[in-house]
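Student: Hello! I would like a close look at just one part of this protein, and I would be glad if you could walk me through it slowly.

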Amino acid sequence: MIKRAFLSVSISLFFLASSFSQATPANSASVANRRTAIRYLKLAEQYINEKSIREADSNIELGLAYDESIPDLWYYKALSESLKDSPKSQIVPLVERSLQLGKWAQANRDAARVLYADLLCDTLRFEESLQVLDEKPLIYSSDAEFIRIKDYYGQGTPSSLRDARNRVNVARKVYPEDARFALLFFKHEYARMAKSEPVSDDVRMLASKF
């Protein structure tokens with residue numbers, strides 16, 4: 001009985017060791033590939049910050065060649081294409097892929113959401129853009145608020161116009177040095193005046209604040 005038990009344990013240990021020896025090289029290669037991809041990711045980030053787009057693109061492609069599952073690389077690829085003024089139809093799938101993947105290597109997820117929301121806004125998908133910004137965790141920043149206001153003006157309904165003006169009023173207080181909000185406000189309100197639409201008291205009041 002002891003010999004049989006010993007033989008059984010030995011066989012089990014043999015198969016366990018065999019399966020471990022087969023799995024370990026693959027896992028090690030995967031870990032090594034991810035580390036290499038992240039090194040290229042950090043270089044890509046540096047080049048993007050320096051506006052060296054060609055070098056950034058080269059490192060992004062090298063990173064993706066080692067590990068396509070890193071969402072940051074797809075975000076930087078989308079950001080690079082955006083900086084090159086590539087067609088938005090070409091950029092949207094890239095940032096969508098980044099948001100569909102799992103573990104981020106850096107804190108880029110919210111930045112990817114802001115880029116995605118901006119692209120949706122520019123392609124007149126206003127409600128979807130707002131949903132991207134407002135889903136948990138909600139993003140509140142000058143860029144996010146600027147996009148929200150563009151979305152509300154873009155919808156053009158009485159309630160959305162009220163939302164746009166209310167957010168402009170708040171944004172001018174929270175971000176007093178950001179001239180984009182004043183420019184956006186006057187651009188849309190002048191366009192409405194050009195259509196002979198009446199100017200409300202709240203619009204006059206807000207214009208006087210600027």
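Which helices each supply at least two residues of the lining of the largest pocket? Please start there and then show me how the helices around that part are packed.

Tutor: Happy to! Please keep in mind that this is a predicted model. The helices you ask about are α3 (71–83), α4 (88–100), α5 (109–122) and α7 (142–155), and each of them supplies at least two residues of the lining of the largest pocket. The volume of this pocket is about 370 Å³. It is lined by 19 residues, and the closest to its centre are Ser 82, Val 114, Leu 115, Asp 118 and Ile 147. Sorted by class, the lining of the largest pocket holds nine nonpolar, seven charged and three polar residues. The helix that gives the most to this lining is α5, with six residues.

Since α5 gives the most, let's use α5 as our guide and look at its partners. Start with α4. The axes of α4 and α5 come within 10 Å and cross at roughly 145°, and the crossing is left-handed. On the α4 side, the residues that meet α5 are Lys 88, Ile 91, Val 92, Val 95, Glu 96, Ser 98 and Leu 99. On the α5 side, they are Arg 109, Ala 112, Arg 113, Leu 115, Tyr 116, Leu 119 and Asp 122. Here is a nice link to spot: Leu 115 takes part in this contact, and Leu 115 is also among the residues closest to the centre of the largest pocket. The contact of α4 with α5 contains eight nonpolar, five charged and one polar residue.

Now follow the chain to α6 (residues 126–134). α5 and α6 pack at an angle of about 165°, and their axes are 8 Å apart. The two helices are therefore roughly antiparallel to each other. Their crossing, too, is left-handed. From α5, the contact uses Arg 113, Val 114, Tyr 116, Ala 117, Leu 120 and Cys 121. From α6, it uses Phe 126, Glu 128, Ser 129, Val 132, Leu 133 and Asp 134. By class, the contact of α5 with α6 is made of eight nonpolar, three charged and one polar residue. Compare the lists and you will find Arg 113 and Tyr 116 in the contact with α4 and again in the contact with α6. Val 114, which belongs to the contact with α6, is another residue listed as closest to the centre of the largest pocket.

After α6, have a look at the loop between α6 and α7, where Pro 137 sits. The peptide bond from Lys 136 to Pro 137 is cis, with omega near -10°. That is worth a pause, because most peptide bonds are trans.

Past that loop comes α7, one of the helices that line the largest pocket. α7 also packs with α9, at an angle of about 5° and with their axes 11 Å apart. That makes α7 roughly parallel to α9. In this contact, Ser 142, Asp 143, Glu 145, Phe 146, Ile 149, Lys 150 and Tyr 153 of α7 meet Arg 180, Phe 181, Leu 184, Phe 185, His 188 and Glu 189 of α9. The contact of α7 with α9 has six nonpolar, five charged and two polar residues. So α7 supplies residues to the pocket lining and also has a contact with α9, while α5 has contacts with α4 and α6.

Methods:
Residues are numbered from 1 along each chain as its sequence is written. This is a predicted model: local features need pLDDT of at least 70, side-chain atom pairs count only at pLDDT 80 or more; totals for chains, interfaces and linings use all residues. Side-chain values use heavy atoms; hydrogens and water are left out. On a 1 Å grid over the protein atoms alone, a cavity is a set of points where a 1.4 Å probe fits but cannot get out, and a pocket is an open set with protein on both sides within 12 Å along at least five of seven lines; lining residues have an atom within 4 Å of a point. Grid points are joined across faces, edges and corners, and a volume is the space filled by probe spheres set on the points. Helices (H or I, at least four residues) and strands (E, at least two) are DSSP runs, numbered from the N terminus. Ala, Val, Leu, Ile, Met, Phe, Trp, Tyr, Cys and Pro count as nonpolar, Asp, Glu, Lys and Arg as charged, and the others, Gly among them, as polar. Axes are lines fitted to C-alpha atoms, for helices over the stretch in contact, and angles run from 0 to 180 degrees between N-to-C directions. Angles under 35 degrees count as roughly parallel, over 145 as roughly antiparallel, 65 to 115 as roughly perpendicular and the rest as oblique. A crossing is left-handed if the near helix is turned anticlockwise from the far one by less than a right angle, and right-handed if clockwise. Contact means heavy atoms within 4.5 Å.
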